[in-house]
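Reader: I have the sequence and the model open at the bench. Please take me through one helix closely, then through what surrounds it.

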Amino acid sequence: MPKLHTLDKVDRKLLNMLQKDNQTPTRTLADAVHISQPTCLRRIRDMREAGIIGADVAMIDPFALGYGMLAFLEVSLENQADERMQEFEKRMNKESEVMQCYFVSGDYDYFLVVHVVDMDAYYQFVRRAISGSGNVRHFQSRFPMKRAKFDTRIAFDEKAAAVQVRIGK
């Protein structure tokens with residue numbers, strides 16, 4: 001059962017700062033939120049342990065590495081039995097081209113975000129992972145022509161006194 005965790009103004013400001021640059025020195029973070037460095041470290045550790053901070057990663061630009069094609073796939077499965085859906089999800093988790101996979105409501109069962117080098121790589125991916133999977137009834141591809149916005153941050157309101165967030169599963 002999910003538990004509640006209270007994020008005060010200091011926690012939310014720390015989270016906003018860490019989402020912009022998680023390499024910011026603790027001293028700088030502590031000074032910015034007017035707390036001691038040990039208190040800052042404890043708060044960050046507590047948010048990691050609670051699962052509020054899920055990972056510390058480097059954001060790599062796939063376009064800079066030559067992965068110049070992004071595709072959005074809407075996928076309908078032939079059989080939506082739970083075990084067949086879990087099989088599909090497991091398979092998508094193993095596919096390096098699949099950046100994100102969502103079980104969705106509506107006309108399709110899954111929405112995928114796929115990043116590949118070019119159309120040939122996309123074709124190979126579709127043949128191997130989608131068409132060749134044995135349980136895909138239908139899929140539709142969409143190719144973005146321009147990225148108007150991309151962000152991974154959650155904007156936390158730093159003015160509210162406290163915000164309750166759910167932690168755990």
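Author: What follows starts with helix H4 and works outward to its rings, its core and the charged pairs.

This is a predicted model, where local features need pLDDT of at least 70, side-chain atom pairs count only at pLDDT 80 or more, and totals for chains, interfaces and linings use all residues. Residues are numbered from 1 along each chain as its sequence is written, and side-chain values use heavy atoms, with hydrogens and water left out.

Start with the helix itself. H4 covers residues 82-94, 13 residues in total. Helices (H or I, at least four residues) and strands (E, at least two) are DSSP runs, numbered from the N terminus. From first C-alpha to last, H4 reaches 19 Å, close to the 18 Å expected at 1.5 Å a residue. That expected span is 1.5 Å times one less than the number of residues.

Which residues of H4 are buried? They are Met85, Phe88 and Met92. Buried means under 20% relative accessible area, exposed means over 50%, and partly exposed lies in between (1.4 Å probe, protein chains only). Seen down the axis of H4, the buried residues fall within an arc of 60°, so they line one face of the helix. The arc is taken from the directions from the helix axis to the C-beta atoms. The other side of H4 carries exposed residues: Asp82, Glu83, Lys90, Asn93 and Lys94.

Now the cover. Strands E2 (69-77), E3 (98-103), E4 (110-116) and E5 (136-142) are included in what covers the buried residues of H4. Helix H5 (119-130) is also included.

Next, the rings. The whole structure holds five aromatic pairs. Rings of Phe, Tyr and Trp (its six-membered ring) pair if their centres lie within 6.5 Å; planes under 30 degrees apart count as stacked, over 60 as edge-to-face and the rest as tilted. Phe88 of H4 pairs with Tyr110: the centres are 4.7 Å apart and the planes are at 40°, so the pair is tilted. This pair links distant parts of the chain, since Phe88 sits in helix H4 and Tyr110 in strand E4, 22 residues apart. Both Phe88 and Tyr110 are buried. Phe103 joins Phe88 and Tyr110 in a cluster linked by ring pairs.

Helix H5 has a ring pair too. Tyr122 and Phe125 are tilted, at 6.5 Å centre to centre and 40° between the planes. They are three residues apart in H5, so about one helical turn separates them. An α-helix has 3.6 residues a turn, so residues three or four places apart point the same way. Tyr122 is buried at 5% relative accessibility. Phe125 is buried at 0%.

Phe125 leads into the core. The largest nonpolar core has 19 residues, and Leu73, Leu112 and Phe125 have the most contacts inside it. A nonpolar core is a set of buried Ala, Val, Leu, Ile, Met, Phe, Trp, Tyr and Cys residues joined through side-chain atoms within 4.5 Å. E2, H4, E4 and H5 each supply at least two residues of this core. Another core lies apart from it, with 17 residues, among them Leu14, Leu15, Leu29 and Ile44. Not counting residues up to four places away in sequence, Phe125 touches Leu73, Glu95, Glu97, Val98, Val114 and Ile130. Contact means heavy atoms within 4.5 Å.

Last, the charges. The whole structure holds twelve salt bridges. A salt bridge is a side-chain nitrogen of Lys or Arg within 4 Å of a carboxyl oxygen of Asp or Glu. Arg42 and Asp46 form one of them, at 3.5 Å, N to O. These two are four residues apart in helix H3 (residues 37-49), so about one helical turn separates them. Arg42 is partly exposed at 37% relative accessibility, and Asp46 is partly exposed at 25%. Asp46 also bridges to Arg45, with the closest N and O atoms 3.1 Å apart. Arg45 is partly exposed, at 40%.

Asp56 and Arg48 form another bridge, with 2.9 Å between the closest N and O atoms. Arg42, Arg45, Asp46 and Glu49 are joined into one network by salt bridges that share partners. Asp56 lies in the loop between H3 and E2. Asp56 is partly exposed at 43% relative accessibility, and Arg48 is partly exposed at 40%. Leaving aside neighbours within four places in sequence, Asp56 is in contact with Asn22 and Arg48.
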